[in-house]
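Please take a moment with the sequence and the model before reading on. The paragraphs below go from the cysteines to the whole of one chain, and then to single helices, loops and residues.

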Amino acid sequence: MIKRLKVSLVGNPNSGKSTLFNRLTGLNQKIANFPGVTVEKKTGSMTIGSSDGSDYHIDITDLPGTYSLYPKTLEEQIPFQVLCDPTNESHPDVTVIIADGTNLKRSLFLCSQIVDLKSPAILVVNMMDQVTKSGVEINFIRLSKELGIPVIPMNARDGDGIDFLKNAIISNISVPENDFIDTALFAPEVVQSIRQSVKLNSNYVAFQIANNIDQISFFNDRQERRAQIKEILNRYGFDHSIMQASETLKRYEVISLLVKQVLKAKNAIPSKEKTFTRKLDNLLMHRFWGYFIFLAILFVIFQAVFAWAAWPMEMVDQAFTWMSIKVHDAIPEGVFNDLLVEGILAGLGGVVIFIPQIVLLFTFIAILEDTGYMARVSFMMDKLLRRFGLNGRSVIPLISGVACAVPAILSARTIASWKERLITILVTPLMSCSARLPVYALLISLVVPDHKYLGVIGLQGLVLFALYLIGFIAAMGSALLMKFIVKAKERSYFIMEIPVYRMPRWKNIGYTIVEKVRVFIFEAGKVIVAISVVLWVLSSSGPGAAFKDVKSQLETADPADTELQNHLAAEKLRLSYAGITGRAIEPIIEPLGFDWKIGIALITSFAAREVFVGTMSTIYSVGGSDEDIATVREKMMAEKNDKTGLPQYNLAVGWSLMLFYAFAMQCMSTMAVVRRETGSWKWPLIQFAFMGVLAYISSFIIYRILS
Amino acid sequence: MRGDFKKLSEIKLGESAVIESFTDDTMKLKLLEMGCLPGEVVTVTRFAPFGDPMAIAVADSMLSLRMSEAANVLVSVRS
């Protein structure tokens with residue numbers, strides 16, 4: 001017989017919660033968002049066989065780390081909702097509380113709150129190896145008796161204690177008998193009135209409801225109940241900040257006594273970890289060496305995402321080209337074949353190509369997070385970035401954005417404040433990513449003379465550098481602007497723990513990477529494939545007989561005659577829906593110096609900016625996708641403006657185009673990822689509009705100035 | 001004997017003080033739950049290179065907070 005149980009893991013940040021979760025579930029886990037918010041919801045499952053022969057199927061939810069049940073940030077809302085609201089879909093049968101044994105006092109604070117909820121709970125005291133090493137003994141029997149719940153010593157890294165925990169989970173534990181502290185003493189009338197009004201397990205749940213009446217989802221379907229309770233609160237003049245403070249102080253008072261009883265420091269040795277941490281911090285947080293080392297680390301990350309990722313990306317690219325050829329040859333010619341090869345396979349290729357960068361970036365980020373270094377980065381960078389509405393941790397997304405905005409935006413999750421995370425996500429795509437490079441390279445070689453100053457400094461190189469700088473300035477400027485526009489959903493705190501340095505847990509890092517890739521493929525990937533198909537339809541089909549005619553000519557043309565082939569391909573693109581749209585938007589983009597040919601490229605390169613080069617080669621009949629940039633360049637150089645008869649690609653148009661590509665949100669993959677990370681289409685659309693307007697205005701101004 | 005009352009943000013590097021009270025209610029709750037209780041000894045262990053934020057050692061852990069946040073914590077220095 002199989003019995004099902006729901007278990008929640010809850011604990012302070014840095015208590016080893018994720019390690020325990022990974023231990024219990026292995027790879028049987030998935031990440032989604034909690035309904036309505038972009039807070040990661042990690043769920044997993046495991047099976048426990050009991051001695052009586054029946055199997056237990058356990059669904060585990062890993063709740064975001066929190067110090068108390070009082071929600072102050074978006075993330076802390078979740079443990080509160082899940083544990084205090086019995087109607088919540090994740091409300092557990094058993095709550096497993098993970099405590100950091102080296103900081104038992106603070107860990108017991110959250111634990112004591114959960115005990116008072118009066119539902120089955122187990123306390124796991126983690127990091128026992130360090131506790132023992134520092135010469136401290138914990139009387140677990142006493143602790144368990146005082147708390148009224150089972151207590152299990154553990155070392156989650158090595159898996160010590162896991163089996164005891166599994167047995168405890170299925171042992172049908174009873175609810176704690178006594179209140180740890182009776183919160184009814186603080187507001188007897190309120191607690192009693194609420195308990196009369198709604199059926200509840202404990203005084204503490206009533207007290208929590210009183211404190212968080214506006215936040216708790218419990219009454220979302222019963223607004224009249226909520227109003228009724230608010231009326232009670234008003235009647236008794238209930239002040240929740242006084243109440244919470246009294247509760248906190250009372251809890252710590254009782255906990256202090258308890259800790260004195262159960263903790264025995266036999267021969268207290270100053271913890272090695274702390275001494276080591278202090279020494280390392282003297283170097284890593286040094287006012288000069290600290291920044292120097294951080295810069296070096298950033299440089300390595302940048303190299304990895306930019307250069308090391310290049311060869312696996314090349315392999316992915318080749319694999320998809322190979323597959324396209326195979327599929328193309330295996331299926332009879334026709335629309336279905338084209339859709340499969342040029343729409344779906346191309347789209348899938350466009351998704352898979354990001355995986356090397358995501359894997360590399362998250363390997364680094366996970367290591368930096370897991371060792372405790374990221375908290376230091378935050379600490380060192382806070383003052384610089386705060387004035388731009390960003391967070392110390394925004395550095396990683398911004399720098400990674402120079403390689404690619406997609407993994408960069410995924411990495412913004414480590415920013416705890418929603419507003420700072422959002423601003424980071426919104427401005428990161430302004431950093432010049434590697435997909436802009438081919439566009440810049442083509443345009444610079446077209447309009448910037450190959451001058452050398454002092455024999456070594458090339459003008460073309462300077463312009464490229466200027467474009468990167470412009471991207472960075474635009475990102476910071478926009479952040480500053482958004483700081484005043486974006487409304488904060490919560491108050492921003494910087495108060496956080498700086499954990500001791502620890503060796504990275506490679507398994508955790510492995511899981512993080514697998515999760516990130518999975519999320520990207522399944523959540524952003526489907527949008528990318530869908531848009532890729534739409535773009536394929538636009539550029540491969542067109543209305544009327546003229547399009548059909550060119551298409552059939554192209555199909556029957558002599559494959560050896562590349563000139564005719566290229567000419568027909570260009571004609572086909574001109575007559576396609578993309579071509580028609582390109583011509584339709586010509587009046588809009590004309591003030592920027594763009595013609596309809598550029599218009600087509602603007603539309604097709606929404607798939608990815610570098611597609612600009614490929615589209616230009618098709619339009620200028622260079623043909624093929626492995627076109628020679630030099631040939632496109634020659635053709636574009638020779639291009640004359642229809643009206644003026646002067647070269648179309650002069651300095652003004654070149655700069656106008658470059659600025660347009662620097663600022664416009666020409667990337668469907670980024671938009672798909674922003675949607676996933678912000679939970680709706682609202683922000684990617686605002687971002688699209690904002691970047692579009694910025695691009696249009698800057699291109700317009702530079703074009704006017706230069707022409 | 002109780003010494004002078006000061007803001008936590010005024011404490012110098014390496015000095016210790018005792019937490020007395022808080023002047024901001026929300027901040028108070030956040031700090032309380034992280035173990036910054038009245039009566040606990042705090043030691044200023046580090047300042048970020050630009051003088052802000054600060055790192056403090058309190059009750060077995062190291063916390064970081066901005067100077068503006070630390071200005072809401074009143075401490076007493078025992079002479």
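A disulfide is a pair of cysteine sulfur atoms within 2.5 Å. This is a predicted model, in which local features need pLDDT of at least 70 and side-chain atom pairs count only at pLDDT 80 or more, while totals for chains, interfaces and linings use all residues; side-chain values use heavy atoms, with hydrogens and water left out. Residues are numbered from 1 along each chain as its sequence is written, and chains are lettered from A and ligands numbered from 1 in the order in which they are written.

Over all chains, the structure holds 0 disulfides. For Cys84(A) the reason is distance, because its sulfur is 14 Å from the closest cysteine sulfur, that of Cys111(A), which is too far for a bond. Cys84(A) is also buried, with a relative accessible area of 3%, where buried means under 20% relative accessible area, exposed means over 50%, and partly exposed covers what lies in between, with a 1.4 Å probe and protein chains only. In chain B, Cys36(B) is buried with a relative accessible area of 3%.

Chain A can now be taken as a whole. Its secondary structure comes to 32 helices and 12 strands, these being DSSP runs numbered from the N terminus, with helices (H or I) of at least four residues and strands (E) of at least two. The C-alpha atoms of chain A fill a box of roughly 90 × 60 × 50 Å along the principal axes, and of the 707 residues of the chain 55% count as buried. A contact means heavy atoms within 4.5 Å, and among contacts in chain A between residues at least 6 apart in sequence, 72% join residues at least 24 apart. Chain A exposes about 30,600 Å², of which carbon and sulfur atoms supply 61%; accessible areas come from the Shrake-Rupley method with a 1.4 Å probe, and for residues only the protein chains shown count as cover.

Two helices of chain A show what burial looks like along a segment. In helix α1 (residues 17–25), 7 of the 9 residues are buried, so this helix is largely enclosed by the rest of the structure; among the buried residues are Leu20(A), Phe21(A) and Leu24(A), and also Lys17(A). Just after α1(A), Gly26(A) takes a positive phi of about 60°. Helix α3 (residues 104–115) has 12 residues and should span 16 Å at 1.5 Å a residue, and its end C-alpha atoms are 15 Å apart, which agrees; the expected span is 1.5 Å times one less than the number of residues. Of the 12 residues of α3(A), 11 are buried, including Arg106(A), Phe109(A) and Cys111(A), the last of which holds the sulfur closest to that of Cys84(A).

The backbone also deserves attention at several points. Most residues other than glycine have a negative phi, and most peptide bonds are trans. Asn172(A), however, has a positive phi near 55°; Asn172(A) is in the loop between α6 (162–169) and α7 (188–197) of chain A, and at 72% relative accessibility it counts as exposed. In chain B, Asp60(B) likewise has a positive phi, of about 70°, lies in the loop between β4 and β5 (61–65), and counts as exposed at 51% relative accessibility. The peptide bond from Asp52(B) to Pro53(B) is cis, with omega near -5°, and Pro53(B) belongs to the loop between β3 (41–47) and β4 (54–58) of chain B.

Where do single residues of chain A sit, and what do they touch? Leu410(A) lies in helix α18 (residues 405–410) and counts as buried at 2% relative accessibility. Not counting residues up to four places away in sequence, Leu410(A) touches Ile358(A), Phe362(A), Lys516(A), Phe520(A), Val673(A) and Glu677(A). Ser217(A), by contrast, is in the loop between α8 (203–211) and α9 (223–235) and counts as partly exposed at 24% relative accessibility. With the same residues left out, Ser217(A) touches Gln81(A) and Asp85(A), and although Ser217(A) and Asp85(A) are 132 residues apart along the chain, their C-alpha atoms are separated by 7.2 Å.
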